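Hi,

Here is the structure I promised to pass on. Have a look at it first, and my notes follow underneath.

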Amino acid sequence: LDAVTVEERKVAIVTGAARGLGARIAARLGADGWVVVLADRDGDGARSAAERLATDGIAARGVDLDVTDAAAATALIEEVLATEGALTGLVNNAGVLADAPLVEMTDEQFSRVLEVCLFGAFYLSRAAAPPMIRAGFGRIVNMSSRAYMGNPGQANYSAAKAGLVGLTKSMAKELGRHSITVNAIAPGMVETEMVLSHPKAEDIIARAARANSVPRVGTPDDIAAAVSYLFSDDAGYITGDVMHVSGGRFG
Ligand SMILES: NC(=O)c1ccc[n+]([C@@H]2O[C@H](COP(=O)([O-])OP(=O)(O)OC[C@H]3O[C@@H](n4cnc5c(N)ncnc54)[C@H](O)[C@@H]3O)[C@@H](O)[C@H]2O)c1
């Protein structure tokens with residue numbers, strides 16, 4: 001580990017962590033011994049989620065961050081370095097939906113989803129890589145989706161999530177020589193507020209469960225366990241990969 005202590009290695013930012021998958025991922029990484037910074041555009045939600053983790057003895061705090069603001073992303077990384085002394089983990093999890101059939105999709109719907117899901121991951125990763133390079137260690141996980149393979153009504157979301165796969169693979173090639181791994185996770189449907197707030201949620205969930213080899217939808221713990229593994233020392237030889245946590249559904 002050269003001069004890098006274990007404590008210095010284990011500080012992670014999880015974006016979109018006020019609720020849903022991000023909150024559960026932060027809890028799991030915290031339980032694994034990472035200091036976790038929960039970053040969300042809903043700063044109050046992130047602070048409440050972090051306070052709940054702190055009552056379980058996890059070193060966690062919540063912060064305001066809109067991932068589409070490149071300057072704010074850089075400022076957060078600098079603040080975390082100054083406060084925690086290191087930054088060695090990043091989960092680019094923030095995401096939004098703005099579904100519409102292709103012929104009805106507005107410019108704003110298309111660009112908004114790209115900005116949050118794809119540009120956000122780029123801004124955070126660009127700012128997080130230098131301290132990881134200095135530490136000679138890092139773990140980055142990008143939250144893609146099974147939708148990267150295409151979904152009707154989600155041209156924007158599919159494009160963003162496929163873009164994340166390309167971003168992941170390029171970053172993995174650039175950063176691997178610094179012992180920084182970069183992987184994507186492609187969850188199938190997971191019951192979170194993102195899905196439950198959809199007008200046809202019940203239908204969509206039942207259909208997804210039927211389409212899976214393991215005939216149920218995912219849980220946030222299914223996804224958090226995958227991040228935990230990719231963040232572990234055991235996964236140091238896995239990079240540039242897309243882990244499908246989708247009950248066996250591909251495409
Ligand atoms: N739930 C699923 O079935 C599913 C499946 C595949 C992939 N995903 C992906 O997993 C991730 C998390 O999804 P979820 O189901 O937990 O969603 P969610 O809507 O429950 O939570 C998303 C979080 O991201 C935050 N967020 C949104 N825009 C942001 C921004 N600009 N800056 C910072 N934070 C922002 C929201 O405030 C919210 O707390 C997303 O990237 C989503 O695309 C979800």
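Half of the story is in the burial: 50% of the 251 residues of the protein count as buried. Keep in mind that this is a predicted model, so treat everything below as computed from it.

On overall shape, the C-alpha trace spans about 55 × 35 × 35 Å along its principal axes. The radius of gyration is 17 Å, and because a compact globule with 251 residues would come out near 18 Å, the protein agrees with that expectation.

As for what it is built from, there are nine helices and seven strands. Contacts also reach across the sequence: taking those between residues at least 6 apart, 72% join residues at least 24 apart.

The bit I spent time on is a pair of helices, α5 (residues 107-135) and α6 (residues 155-175). Their axes come within 8 Å and cross at roughly 15°. That angle is under 35 degrees, so α5 counts as roughly parallel to α6. The crossing of the two is right-handed.

If you want to find the contact on screen, look on the α5 side for residues including F110, L114, L118, F122 and I133. Across from them, α6 contributes, among others, Y157, L164, L167, M171 and L175. K161 of α6 and Q109 of α5 are in the contact too. Sorted by class, the contact has 17 nonpolar, four polar and one charged residues.

Shout if anything is unclear.

Cheers

Key
Residues numbered from 1 in each chain as written. Predicted model: local features only at pLDDT ≥ 70, side-chain atom pairs only at ≥ 80, totals over all residues. Heavy atoms only, no water. Axes fitted to C-alpha atoms, helices over the stretch in contact; angles between N-to-C directions. Helix = DSSP H or I, 4+ residues; strand = E, 2+ residues; numbered from the N terminus. Parallel < 35°, antiparallel > 145°, perpendicular 65-115°, else oblique. Left-handed = near helix turned anticlockwise from the far one by under 90°. Contact = heavy atoms within 4.5 Å. Nonpolar A, V, L, I, M, F, W, Y, C, P; charged D, E, K, R; others polar. Rg over C-alpha atoms; globule rule 2.2 N^0.38 Å. Buried < 20%, exposed > 50% of the residue type's maximum accessible area, 1.4 Å probe, protein only.
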